[in-house]
Every structure is written in C-alpha cells, then in structure tokens.
Amino acid sequence: RQYVETTLAGNWEAWSALMTDDVVFLVPNAAPVEGRAAVRAFGEGFPHLTAFTAEAVEVTGRGDLAISRGTYSLTAKSPTGAPITDKGKFLSVCQRKPDGSWHISRNIWNSDLALPAPK
C-alpha cells in the first residue's frame, strides 16, 4: 500500500525509505539499478504515473525474509502527454529490520503486453 501511495504522490524520499540500503531493482530492458540512492534516482526519472495498482497474489517467507508475487497495472504520461498503459507481474524480496518493519531488498517486474512491432 505505501509503495503504491508514495509512487503516485511522487514522494521519492518516502518511497525510497521503504527499501534496504543495498536494494536492487531488476528493471525491464535495462541494467540492474543498485543501492537506495540509485533506485530513488530511477523513481524520480520515471514518467509521472496517473494510475497505479499492485496486488500481491502470493506471500511466503521464512524468518527475516519474505517474498511477494503479484500483478500491477499503471498509466503514465508520455513526454507528449499521451497516456502510456502497462500491466504485468512482479516479484519482490523483503527483509525485516530489527525494529520489525519490512523493507524491499530486491524487486523485479515485467510487462504482460507484447512488444511493439518493429517499424
């Protein structure tokens, strides 16, 4: 819930605070983004989202690690202002901190939509 809310608000400070210092995002079509500062910069550079949902369909774990698998959908503004829509799936690994809070350690997602046809 906080991940979605802070993303939609563009509150990148609060959004990145949901992650471990050594977080790794395995983003589609790009090299991994490693570390909280780099992930925050990635978020700040992401197109403005006008709609975003994420639903966990499975959560499992042991001890201080939890894994969630789920689906997402989003709508963003393109540089021209036209809407861009996407839907897909994600897998996140979370780590429990000594204070009992959970933080994202690893995150990967990819689209269910077909790639655009070559021009």
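This short presentation covers the first helix, three salt bridges and the largest pocket of the structure shown above.

Good morning, colleagues. Please keep in mind throughout that this is a predicted model.

I begin at the N-terminal end, with helix 1, which spans residues 2-9. Its buried residues are Val4, Thr6 and Thr7. What do these buried residues pack against? Their partners are helix 2, residues 12-16, and strand 3, residues 49-62. Just after helix 1 comes glycine 10, whose phi is positive, at about 65°.

Let me turn to the charged side chains. In general, side chains of opposite charge can pair when their charged atoms come close. The structure holds six salt bridges, and I shall discuss three of these.

One of them joins the side chains of glutamate 5 and arginine 1, with an N to O distance of 3.4 Å. Arginine 1 counts as exposed, at 71% relative accessibility, whereas glutamate 5 is partly exposed, with a relative accessible area of 42%.

Another is formed by arginine 40 and glutamate 44, at 3.0 Å from N to O. Both residues belong to helix 3, residues 36-45; because they are four residues apart there, about one helical turn separates them. Arginine 40 is partly exposed, with a relative accessible area of 30%, and glutamate 44 is likewise partly exposed, at 44%.

The third that I wish to show pairs aspartate 64 with arginine 96, at 3.2 Å, again N to O. Which parts of the chain does this pair tie together? Aspartate 64 sits in the loop between strand 3 and strand 4 (65-77), while arginine 96 is in strand 5 (residues 83-96), so the pair links parts that are 32 residues apart in sequence. Aspartate 64 is partly exposed at 43% relative accessibility, as is arginine 96 at 32%.

I come finally to the largest pocket, which contains about 1300 Å³ of space. Its lining comprises 45 residues, and those nearest the centre are Tyr3, Phe52, Tyr72, Asn107 and Trp109. Which elements give two or more residues to this lining? They are helices 1, 2 and 3, together with strands 3, 4, 5 and 6, the last of these being residues 102-111. Strand 6 gives the most, with seven residues. By class, the lining of the largest pocket has 31 nonpolar residues, 11 polar residues and three charged residues.

To close, I would return to helix 1: its buried residues pack against helix 2 and strand 3, and helix 1 is also among the elements that line the largest pocket. Thank you for your attention.

Note on methods
Residues numbered from 1 in each chain as written. Predicted model: local features only at pLDDT ≥ 70, side-chain atom pairs only at ≥ 80, totals over all residues. Heavy atoms only, no water. Buried < 20%, exposed > 50% of the residue type's maximum accessible area, 1.4 Å probe, protein only. Contact = heavy atoms within 4.5 Å. Salt bridge = Lys/Arg side-chain N within 4 Å of Asp/Glu carboxyl O. 1 Å grid on protein atoms, 1.4 Å probe; cavity = no way out; pocket = protein on both sides within 12 Å on 5 of 7 lines; lining within 4 Å. Points joined across faces, edges and corners; volume = space filled by probe spheres on them. Nonpolar A, V, L, I, M, F, W, Y, C, P; charged D, E, K, R; others polar.
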